[in-house]
Amino acid sequence: MSDEFKIDIVNPEKSFLSKEDVNEVVVPAFEGEMGILKDHISIISFLKPGIITIQAKSGEEKYYVEDGIIEFKNDTLSILTSYILNLKDIEKNKLLELLKNAEEESNNPEISDQLKYLADQKVETLKSIN
Amino acid sequence: MASLDDLKKRITSVKSTQKITKAMKMVAAAKLKRAQDSAEKGRPYSEKMNNIILNLSSGISDKETAPKLLSGSGKEQVHLCVVLTSDRGLCGGFNANIIKKAKSYFAKLNKEGKELKIITVGSKGNDQLKRVYGNKIIENISFKNSKNANYFDAEKVGKIIIEKFQKEEFDICIIFYNQFKNVITQIPQAQQIIPLNTKSDERNNSEDNYEFEPDEDEILSNLLPKNISTQIFKAMLENSASEQGARMSAMDNATRNAGEMVDKLTIEYNRSRQAAITKELIEIISGAESL
């Protein structure tokens, strides 16, 4: 039996990605990174800013996400996110712009602790890509 | 009867109007295609979101502790109506239909003695509603500058709504928009988004045992605000497809009517030209006879 399962990534505008030959996905879940393999128990969780790594037969792919919800059920992983970028396509300028925005957000003294935490995560992730 | 010159002028003016409406129809048709595409592409997101929320809300055992966005504030006194319309006119009954639907709902609320607050999205709705319900409109949002419906605009509206809900400014929120069925049919819709209506949806109550991380309540309270933006985004997408569809058929009609009018005017023109010639002939003949 193969160890492959299906992944669907959708954002509000369109279906972003759909693959059937995925072996492993690592997602930045809210309480820490989470690896998902075939026959994982049904799970719903949400994401913090970070990198989604998809190990597929056709190669490894990495995506940057800012938020999202994941649902795993019947060997299908659905990821709903409002902001996603393929690391390969990301341009230096865009990255710096995102980083600047995130830093501004995190330095804003008026935001709640949770938002601050998320903004810090964003900064950290973006720096690690850089 | 109008003189020949007048008729000629009218024919030219109707013809140039026809050219404009024809061009608008073409533009609307092209935009419609795009709007329809994005409406279709946006569907999986809102469907999946809905599914997850349904699964989650069924998992919540204690309704008392459920987030307020799901269970409501426990009252039904103040209704917030979000009316989504277009920013541009010349699209047939598109805006009028939404307004009509909204107004009949407002009248019902009025009869029941409920309090009404309105947010208008799109300037046309604001124009039409402010005459009668001007004092009820608490916010007017317009995205004239964005070319297409995009998620960030929807998120802005969503945030405003949630903020107002948290300040307990209203108890129930309903959005009005046009659902796109096909080019000639758009159905005005009233959809309640707060509290979320989970009962009416058909769902398979399978023994899904989800693992939640973190727990259901926390996920739900994060998810529900997103869902509101998503629902609004969906409404905006449907609306923009409907708008283009409505404009296309309205402009099609206008072009056809202009064509008919040109035909009629041309006949009239020819007739009066003929009459003038006949009159002149009679004058010449009777002049010759009298000699």
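This is a guided tour of a predicted model, moving from chain A, across its contact with chain B, and into the sheet and helices of chain B.

**Chain A and its two domains**

Begin by colouring chain A by its domain assignment, which gives domain 1 as residues 5-86 and domain 2 as residues 92-129. The centres of these two domains, taken over C-alpha atoms, are separated by 22 Å. If you then select the contact between them, you will find six residues from domain 1 of chain A and five residues from domain 2 of chain A. On the domain 1 side of chain A, the residues that touch domain 2 divide into three nonpolar, one polar and two charged.

Next, select helix α2 of chain A, residues 113-129, and pick out Ser128(A) within that helix. Is Ser128(A) buried or exposed? Ser128(A) counts as exposed because it has 9 C-beta neighbours inside 10 Å, where a residue with 12 or fewer falls in that class. A distance drawn from Ser128(A) to Phe30(A), C-alpha to C-alpha, should read 18 Å, and the two residues are 98 apart in sequence.

**Where chain A touches chain B**

Now show both chains and select the contact between them, in which 20 residues of chain A meet 23 residues of chain B. On the side of chain A, the strands β2 (15-29), β4 (43-47), β7 (68-73) and β8 (76-80) each supply at least two residues, and the largest share, four residues, comes from β4(A). By class, this side of chain A holds ten nonpolar, six polar and four charged residues.

Keep β4(A) selected and add strand β6 of chain B, residues 211-213: the two strands run parallel and are joined by three bridges. To find one of the pairings, label Ile44(A), whose bridge partner in β6(B) is Phe212(B).

**The sheet of chain B**

Turn to chain B alone and select its open sheet of five strands, which has the order β3-β2-β1-β4-β5 and mixed pairing. The edge strands, each pairing on one side only, are β3 (137-141) and β5 (186-194) of chain B, and from one strand to the next the twist of the sheet averages 20 degrees.

Within this sheet, select β1(B), residues 78-84, a strand that is mostly covered, with six of its seven residues buried. Seven bridges join β1(B) to β2(B), residues 115-121, and these two strands run parallel; a good place to look is Leu84(B), which stands opposite Val121(B) in β2(B).

For an antiparallel pair, move to β4(B), residues 172-180, which eight bridges join to β5(B). Here Tyr177(B) has Gln189(B) of β5(B) as its bridge partner. Adding helix α6 of chain B, residues 216-289, shows what packs on the sheet: this helix touches β1, β4 and β5 of chain B, and its direction makes about 35 degrees with that of β4(B).

**A pair of helices in chain B**

For the last stop, select helices α3 (residues 94-112) and α4 (residues 123-133) of chain B, which pack at an angle of about 35 degrees with their axes 10 Å apart. The crossing of α3(B) and α4(B) is right-handed. Showing side chains at the contact brings up Asn95(B), Ile98(B), Ile99(B) and Phe106(B) from α3(B), together with Lys124(B), Gly125(B), Gln128(B), Leu129(B) and Tyr133(B) from α4(B). Coloured by class, this contact shows five nonpolar, three polar and one charged residues.

Technical notes: Residues are numbered from 1 along each chain as its sequence is written. Chains are lettered from A and ligands numbered from 1 in the order in which they are written. This is a predicted model: local features need pLDDT of at least 70, side-chain atom pairs count only at pLDDT 80 or more; totals for chains, interfaces and linings use all residues. Domain bounds come from an automatic or database domain assignment. Two residues are in contact if their C-beta atoms, placed from the backbone, lie within 7 Å. Ala, Val, Leu, Ile, Met, Phe, Trp, Tyr, Cys and Pro count as nonpolar, Asp, Glu, Lys and Arg as charged, and the others, Gly among them, as polar. Axes are lines fitted to C-alpha atoms, for helices over the stretch in contact, and angles run from 0 to 180 degrees between N-to-C directions. A crossing is left-handed if the near helix is turned anticlockwise from the far one by less than a right angle, and right-handed if clockwise. Two strands pair if DSSP finds at least two bridges between them. A residue is buried if 20 or more other C-beta atoms lie within 10 Å of its own, exposed if 12 or fewer, and partly exposed in between; C-beta atoms are placed from the backbone.
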